[in-house]
There are 2 protein chains.
Amino acid sequence: MADAERIRRVARRVADARAEGNGVIVVVSAMGDTTDDLIHLVKEITDNPPEREMDVILSTGEQVSIALLAMAVKELGVPVISLTGAQVGIVTDNVHTKARILNVDTARLRKELDGGNIVIVAGFQGVNDCNDITTLGRGGSDTTAVALAAALKADLCEIYTDVDGVYTTDPRVVDEARKLDMVSYDEMLELANLGAVVLHPRSVELAMQYGIPLHVRSSFNYNLGTIVKEVDSMERSLVVTGVAYDLDVAKIGLYDVFDKPGIAYKLFKSLADEKINVDMIIQSATRDERNDISFTCSRGDLKKALAVVQGLLPEIGANGVTSNDSVAKVSIVGAGMVSNPGVAALMFEALAGEGINLEMISTSEIKTSCIIKADQAEKAVRTLHKKFNLAKNIIS
Amino acid sequence: MADAERIRRVARRVADARAEGNGVIVVVSAMGDTTDDLIHLVKEITDNPPEREMDVILSTGEQVSIALLAMAVKELGVPVISLTGAQVGIVTDNVHTKARILNVDTARLRKELDGGNIVIVAGFQGVNDCNDITTLGRGGSDTTAVALAAALKADLCEIYTDVDGVYTTDPRVVDEARKLDMVSYDEMLELANLGAVVLHPRSVELAMQYGIPLHVRSSFNYNLGTIVKEVDSMERSLVVTGVAYDLDVAKIGLYDVFDKPGIAYKLFKSLADEKINVDMIIQSATRDERNDISFTCSRGDLKKALAVVQGLLPEIGANGVTSNDSVAKVSIVGAGMVSNPGVAALMFEALAGEGINLEMISTSEIKTSCIIKADQAEKAVRTLHKKFNLAKNIIS
C-alpha cells in the first residue's frame, strides 16, 4: 500500500469482494517507504542490529497498514477488524528476519469471519514459540496470504501487485511481452525462482503444496490477471512459457579443489550454516585428483560467502578463488520442455548467435538457466523471447 | 525519546544503572513526533477512526522506540531485550485509547531479569482479555512504569522528563520558581491534577497506592530531581508547596435547574457515560426550587459536554446554558493547609489585590483552586508564588 488514496481504493475493493458474498481476509504489507524509513532509523543507531529487535521494529510497518486499511473499510460502513500476526496466531520458527511459518491458528480468524467482519491481517510477521515477534523476510506478505488461505481452505488467494499478472518476460525489456492467462505452479515456481519478481517462490511453493489457486492481478485496475494453479497435461502444451532473468547473482569459482568425498558437503554445509542461499552449483574435473567448483549466490551474500570459502581453504585445498558480481542469470521456463529435449540446444544456439558467452548452465525438467555477463542480460532476454515466439499466444 | 542521539544517551544511562548492580527495566514512550505523524496518517483516512484501530496504530510508536533503544543498549555490549505491552502481559480493561491496567504478568519480566537482560518495555500500551491492543491514554507511559514497579515490588521508579523535577510553579511563568527536593504523594497528586504536567495524576495515584517512591528527574543531566514519596508529618511543614495552573479548562453553567433529588445525579452520570471528565462542580441555590449548577471540563470535551447538557434540558429543566473556554484554573497546594485554615483567604486576598475576579472556587484538604479568566492566569501564578514565599526554601 502506498498512500491514503491507494488505501481508500483498496478498501473499496475489499468492500466489493465482501458485497459479492465472500468471507474476506486481506493480508497487507507496509506502506510505501515505511520499511526503508524504519531501516534508516536503525542505521542511525547501529550498523549491526540484533535481528530479534529488527523484527520488533520492522513489524510495525504492517501494523500501521492494517489499522489504516481497517479504518478506511469501516468508513465505507462495512464491519472490519485488524489483526497482527501475533493476534492471528501465525507461529513461526525462531529465525529472526527470515522466519518460516510453522502453523496458523484459525480460531480467531474464524471467530471474526463468523461475526461478519472483514479481517485485515498484517503480512510478513508472526511470533515464535516464546511469543517473540518474527518477520518472514522476502515475499513474506504473499506467503502470509497463501498460508492463511491454506489454513482456512480458501477457494482462492488473490495476489495484488503493481503489474497486470505474470508475463512471458519482463515487459520493461521486451515490448512484445505477453500476459499469461494461466500458468502452472511448477512453471510459476521456476519463473519466480528465476527472477520474475511478481511472486516470491515461497508463496508459490506453499500454494502448490496446499493446492490453493492464486490469482495474480493488478491493484490499479479490475483486469483479470494470471491464474496460477495445477494445470492438466492437455494444457501443458507450450514448450516455453516464459523467459526470466535475474541480475541479483554473483558467481564464485574455486579452482583445484581436492577431489575426495566430503569436500562439496563441507563447502555447501558451511555456506548453509551461514544462511547463504546457493543457487547454481557446477563441479567439473579438470585434472587428476583436482576439481573446479563454481556456484552462485545473491550479490548481497557474496562477501559473506567469500569469507566462508576463505576459511575453508586449508580443508578443501583450493588453489584459487575467483568471484564475479557482474553476471546475470537468464532462463527459459516451460512445462513442455521435459518432452522436447532439443529446447535447451535452441536456447544455446540463439544466445551464441548474438555473441553471448555462457559461463554456467543449469537445467531442470522445466527450465534451462545460463549465467552470462550482466550487461548482456537484456539482449539475451529479447533474443529468447523472439526465438520461442512468446509474443504470440500459440499452442505449439 | 526524541532522536538517535537522545536514544544513545538514554542507552548510556541505562547501561550505567545496570553497572551499579541494579536489575533494570526501562519503560519508553514514542519518539518525538511519531504519535503526531501517526495521527496525521489516520486523519488522511477518516475523521472518525474506530478506537480499537487507533490503538493498533498508535501502539507502533512505542514499539519502534523499544527496538531502537534495545539496539543502542546492545551496541554498548550490555545484554538487553525489548518487550511490547502484549509480550509483558500488561492486561487492561477494554476502553480503547483510555484503558486502565488491570494486571501485570511478571513471569516474562522476571525471566528476562534473571537471565541478566535489561528489559526495555513499551509504555502506554497493553492488551485486553481478547488479546486486542489497548493504549492507556494520557500519562500512559509513566503509568506503565509505576505499574511494573509495583508488580515487581521495585525499590524505586525513576521518571525521566525534560525538566529537572517538580517545581513550586511553572518556571516559564515565574523566574523564581524553585525545584522541590521532595514532595508527598498527595501534594504531587494535587499538583499533577492541577496542571503541573511533569507527572500525570494516574501514575502518582498508582505509586501512592503501592508505596513506590518516584524520582522525577531530567533525562538531559544527572542532577537529582524531586523525590515523590510518603512524607511523615515532621516534614509536612510547608503550608503551601506549589502553585499550579491549567489552561485546558472550559466552564459550563446551567441556570434555573429544577431543585429536586436526582437532578445532579442524572447530569453527571450522563457526562460520565460519555467519558467526559468533570473537574470542579459548584451548585448554588438562587431562588425557590431552582438551582444554578456550574462545572468544568477539558476544552476538548466542551462540545461533547454541551451536547449532553442540551439533550438533558427537558429533564433537568434548566432555563439557560452558558459556556466559556477562555478560563483557567489556578491552584495552591500544600499538605500544611489542612491545619492552617487561613491559607485560602490569603490566596483570595492576593488575587483580589491584582484585580483578578474568581469565577469558581473549589477546595480540598491540601489545595485551593480558583477559576479565573485565562488571560489573567500567569499574573495570578506570579502573585501567588510571591505571596507564599515559594522562591525561598523555608520551613514555615
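These legends walk through four close-up views of a predicted model.

**View 1. The two domains of chain A.** Here we have chain A, which the domain assignment splits into domain 1 (4-155) and domain 2 (243-387). Take the C-alpha centres of domain 1 and domain 2 of chain A, and you'll find them 36 Å apart.

**View 2. Where chain B meets chain A.** On this view, 28 residues of chain B are in contact with 28 residues of chain A. Four helices of chain B, namely α1 (4-19), α2 (34-45), α3 (51-75) and α4 (85-88), each chip in at least two residues to the side that touches chain A. Which of them gives the most? That's α3(B), with 14 residues. As for the make-up of this side of chain B, 18 of its residues are nonpolar, six are polar and four are charged.

**View 3. The open sheet of chain B.** Now for the strands: three of them line up as β1-β5-β2 in chain B, with parallel pairing, to form an open sheet. β1 (25-28) and β2 (80-83) of chain B sit at the edges with a single partner strand each, so one side of each has no neighbour in the sheet. On average, neighbouring strands here are turned by 20° against each other, direction ignored.

**View 4. β5 of chain B and the helix across the sheet.** Let's zoom in on β5 (residues 118-122) of chain B, which runs parallel to β2(B) and is joined to that strand by four bridges. Look for Ile81(B), whose bridge partner in β5(B) is Val119(B). Lying across β1, β2 and β5 of chain B is α3(B), which runs at about 160° to β5(B). You've already met this helix in View 2, where α3(B) gives the most to the side of chain B that touches chain A.

Definitions and conventions:
Residues are numbered from 1 along each chain as its sequence is written. Chains are lettered from A and ligands numbered from 1 in the order in which they are written. This is a predicted model: local features need pLDDT of at least 70, side-chain atom pairs count only at pLDDT 80 or more; totals for chains, interfaces and linings use all residues. Domain bounds come from an automatic or database domain assignment. Two residues are in contact if their C-beta atoms, placed from the backbone, lie within 7 Å. Ala, Val, Leu, Ile, Met, Phe, Trp, Tyr, Cys and Pro count as nonpolar, Asp, Glu, Lys and Arg as charged, and the others, Gly among them, as polar. Two strands pair if DSSP finds at least two bridges between them. Axes are lines fitted to C-alpha atoms, for helices over the stretch in contact, and angles run from 0 to 180 degrees between N-to-C directions.
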